[in-house]
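Me: I should like to go through this model by asking, for each description, what justifies it. Please set the value against the criterion in each reply.

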Amino acid sequence: MTDQSLSRFLAAEGADADPVETAEWRDAFLSLVTTEGPARARFILDQLAALARDPHVAWSPQLATPYVNTIAVDQQPAFPGDLAIEEKLASLMRWNALAMVVRANAAYGELGGHIASYASAADLFEVGFNHFFRARSDTHGGDLVFFQAHSAPGVYARAFLEGRLTEHDLAHYRQEITAPKHGARGLSSYPHPWLMPDFWQFPTGSMGIGPISSIYHARFMRYLTHRQLLDCGAAANASGERVAQRRVWGVFGDGEMDEPESMSALTLASRERLDNLVWVVNCNLQRLDGPVRGNGRIVDELEKLFRGAGWNVIKLLWGSDWDGLFARDVNGALAHAFAHTVDGQMQTFAAKDGRFNRDNFFGQNEALARLAQGMTDEQIDRLKRGGHDLVKIHAAYAAAARHTGEPTVILAHTKKGYGMGAAGQGRMTTHSQKKMDEAALIEFRNRFNLPLSDEQARGLEFVKPAADSPDMRYLLARREKLGGFIPRRQPVAPMLALPALASYAAFATAAGGREMSTTMAFVRLLGNLLKDERLGPRIVPIVADEARTFGMANLFKQVGIYSSVGQRYEPEDIGSVLSYREALDGQILEEGISEAGAIASWTAAATSYSVHGFPMLPFYIYYSMFGFQRVGDAIWAAADQRARGFLLGATSGRTTLGGEGLQHQDGSSLLVAATIPNCKAYDPAFAGEMAAIIDFGMREMLVDQQDVFYYLTLMNENYAQPDLPAGAQPGVVRGGWRFAAFGDGEPRVTLLGSGAVLTEVIKAAHQLADEGIASEVFSITSWSELARDGLHCEQRALRGEEHTQPYLHELFGHSQAPMVAATDYVRALPESIRAWLPAGRRYLTLGTDGFGRSDTRAALRELFGVDAARIAWSAKRLL
Ligand SMILES: Cc1ncc(C[n+]2csc(CCOP(=O)(O)OP(=O)(O)O)c2C)c(N)n1
Ligand SMILES: [Mg+2]
């Protein structure tokens, strides 16, 4: 600590009972620093701190530091670019981003969009684009950059200057359907890979998903490196150098930090020493409704939180023009004033002009007033916060990139709606402002020196300098140096060679009536796939502290649990064949009790094909109730980024799980899964079906490169597993097949079932046969695939296009017998196919609507009415 910063600190601390004594201590410490150096000073402080922790003293260190920049002026590196050009370019982007939002809303008031957020984040983005964010190229794997979603107009504005988007495209912001009709490219509201598959990589529109996802991506890059699959650059070597480490950058909002997902994995990032991860939190002190912490300071709060979680914290609070003020402020009047200014007040200072700030901030006391002497109101108005100063931002990013051993967060202080003047800067309502009147446009033009006539400004014309201008050449040269344009999503990936079904799943497809649960069968199948020489290493088994529940403990030994530090202890069960084995090249991702973390891991692996050009195949197995219900939004985001992989909802079925009760028994996940367009959801009853679906899915995703993912429910009920008949696979994959006929003569009823409840359906068929009623039984593997097929056929027919009959007609068109369907899920699931059944067939559905409760399977099935007796009874009623 320098003399100056110490005095600032003391000043900020408040009243001092004995200033003379304080000064003696202070002088002693400063002379120690001067004569013995900082290392010795730190040692002495550690000694004193140990003493001070004596319970009688009860000292605990302050985690917050004064409200000043972490990086001292003399530690700032020289700015390695052309400041004037970069500022000019940033101004153009600000304008074009603003113009596209205002134009869209002038034309169609309903389109929405945001101006104020990018206005506050523009400089934070631009320093990244010009100096840090690397694209994937032949020589570098590229950085992963998470852009704040509602600042997307700024990213489009840059792509326009870069020549990747045209003026015509910008004019179609948020008009994705109309744009192609006008020969333009529609620009999605927020980063959506689904909608712009060659552009956006990471969806961040749902707050909190981006932050947690960025952490798990950074960790997944370590996993790939440690398993020697793909070198993503190592952490620092012994001499502290790091060659070409690929980084994950995320620019997020200060309001967004309140999301539980944003915060939940901070300690994972530090525990894993993810120095490949840098977050920039744009502390504009505002969210949508108002201040993030009007009565406190969000920067202090985040500083304490991140520091406590083991992150390197860089505060980027004040711009270069404050340097002189701080230098002259020997008594720490500024730090003291900041320590007593809450964010709500700071926001008011942002919203008001120079005169107001002179009177109300610098006017607080004599010392502050003296500092502001000699400055005009205009100069006071233009005093920049750190996050608007390219030089300071660069210094912070460079320090973050250099930092080893910890992830870094940069807390960047900015003004929301920066430069929007009286129309929006620092205003409570600025977040949702989408209109600017003519005077405000002219003021903005003036404020940023834009090369626009009054008429052009009023007409919201987009600006782009000539291609051969120094500005444009500079812009392109910077990106070329960093490997090309970003964001850019690469949809192509090498194909993976897959083993034949019979080589790894014969035990399931030819089970010969052996008893097992589909969960056991899946675990065995996974174990076999892991042994495949080519595919095996690409598999990522993921669990959230439920591996033992699902009988997967054997995999601990077989493939090991990934640990970035290996295993530093002798496991208690070391002699056992199921020993808990952690290893640097361990394959299982054991995420502990964090479904949010596990699904983020799954997403990182499931998008590796495009993010890294290196396909991986994740299998995340979890309690099905804690999937779509608990982390549904994260799954939705994974679908958006075209994830490829398997989700396994185990211990599924409201009655099959038995004793676990209301909060565990899942009766609805398949229904939610069906709402995700690229999720193929299955409820297989038999091990052979499960294997056939996984086999088909692997080929669809890894060979045919389709952007789909699979959800399979797995059950824990043991029952006899029949052979999968030859030729059944296509029907299994399409969603259903005729399992068998029961009784003598023409079947008088048709019974449908899925999952474990199919066993009840089969029992019912036997009972009916005993009573002389013949039936046929269909195994429905996927209600949602059947419904989708029906809908698809119907739509084609309505449009007058060539169409086929729904597959349901193929399955059920041959008979007029009444139908009864039973599942372990809410009735809406089997109801979803009703519209596409052959005309005239009566159809009754049974299901498990309502809350679960704990009891035996038999009791639960009786209660919900999905047991054999009720199924048989229902069939007879229909007859
Ligand atoms: C999960 C979720 N909840 C709410 C929103 C709506 N929303 C979009 S931006 C925003 C405010 C963001 O504030 P902050 O994170 O501080 O970003 P700023 O615009 O201030 O940079 C809100 C509430 C959302 N996108 N996602
Ligand atoms: Mg904010």
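Me: Which residue stands opposite A412 in strand 5?

Reply: In this predicted model, the residue opposite A412 is N282.

Me: What makes strand 3 and strand 5 a pair?

Reply: Two strands count as paired if there are at least two bridges between them. Strand 3 (residues 277-283) and strand 5 (residues 408-413) are joined by six bridges, so the criterion of at least two is met. The two strands run parallel.

Me: Why is the sheet called open, and which are its edge strands?

Reply: The sheet has five strands in the order 1-2-3-5-4, with parallel pairing. Strand 1 (144-146) and strand 4 (312-316) each pair on one side only, and these are the edge strands. From one strand to the next, the twist averages 15 degrees.

Me: How do you know that helix 9 packs on the sheet, and what angle does its direction make with that of strand 2?

Reply: Contact requires heavy atoms within 4.5 Å. Helix 9 (residues 209-226) touches strand 1, strand 2 (248-253) and strand 3. The direction of helix 9 makes about 170 degrees with that of strand 2; angles are taken between N-to-C directions on a scale from 0 to 180 degrees, so a value of this kind lies towards the upper end.

Me: What makes the approach of K416 to ligand 1 a polar contact?

Reply: A polar contact is a pair of N or O atoms within 3.5 Å. A polar side-chain atom of K416 lies 2.7 Å from an oxygen atom of ligand 1, so the pair satisfies the cut-off. By the same test, the side chain of H150 qualifies, with an N or O atom 2.8 Å from a ligand oxygen, and so does Q286, through a backbone N or O atom at 2.8 Å. The protein buries 75% of the 590 Å² that ligand 1 exposes when taken alone.

Me: Which classes of residue form the shell around ligand 1?

Reply: The shell has two nonpolar, 10 polar and five charged residues. Of the 17 residues around the ligand, S117, Q148, H150, D254 and K416 come nearest.

Me: How do you know that the peptide bond between I486 and P487 is cis?

Reply: Its omega is about -5 degrees, and the bond is cis. P487 lies in the loop between helix 22 (470-481) and helix 23 (501-509).

Me: What is notable about phi of Q228?

Reply: Phi of Q228 is near 60 degrees, a positive value in a residue other than glycine. Most residues other than glycine have a negative phi. Q228 is found in the loop between helix 9 and strand 2.

Notes:
Residues are numbered from 1 along each chain as its sequence is written. Chains are lettered from A and ligands numbered from 1 in the order in which they are written. This is a predicted model: local features need pLDDT of at least 70, side-chain atom pairs count only at pLDDT 80 or more; totals for chains, interfaces and linings use all residues. Side-chain values use heavy atoms; hydrogens and water are left out. A residue is near a molecule or strand if one of its heavy atoms lies within 4 Å of it. A polar contact is a pair of N or O atoms within 3.5 Å; within protein, one must be able to donate a hydrogen and the other to accept it, and residues adjacent in sequence count only if both atoms are side-chain atoms. Accessible areas come from the Shrake-Rupley method with a 1.4 Å probe; for residues, only the protein chains shown count as cover. Ala, Val, Leu, Ile, Met, Phe, Trp, Tyr, Cys and Pro count as nonpolar, Asp, Glu, Lys and Arg as charged, and the others, Gly among them, as polar. Helices (H or I, at least four residues) and strands (E, at least two) are DSSP runs, numbered from the N terminus.
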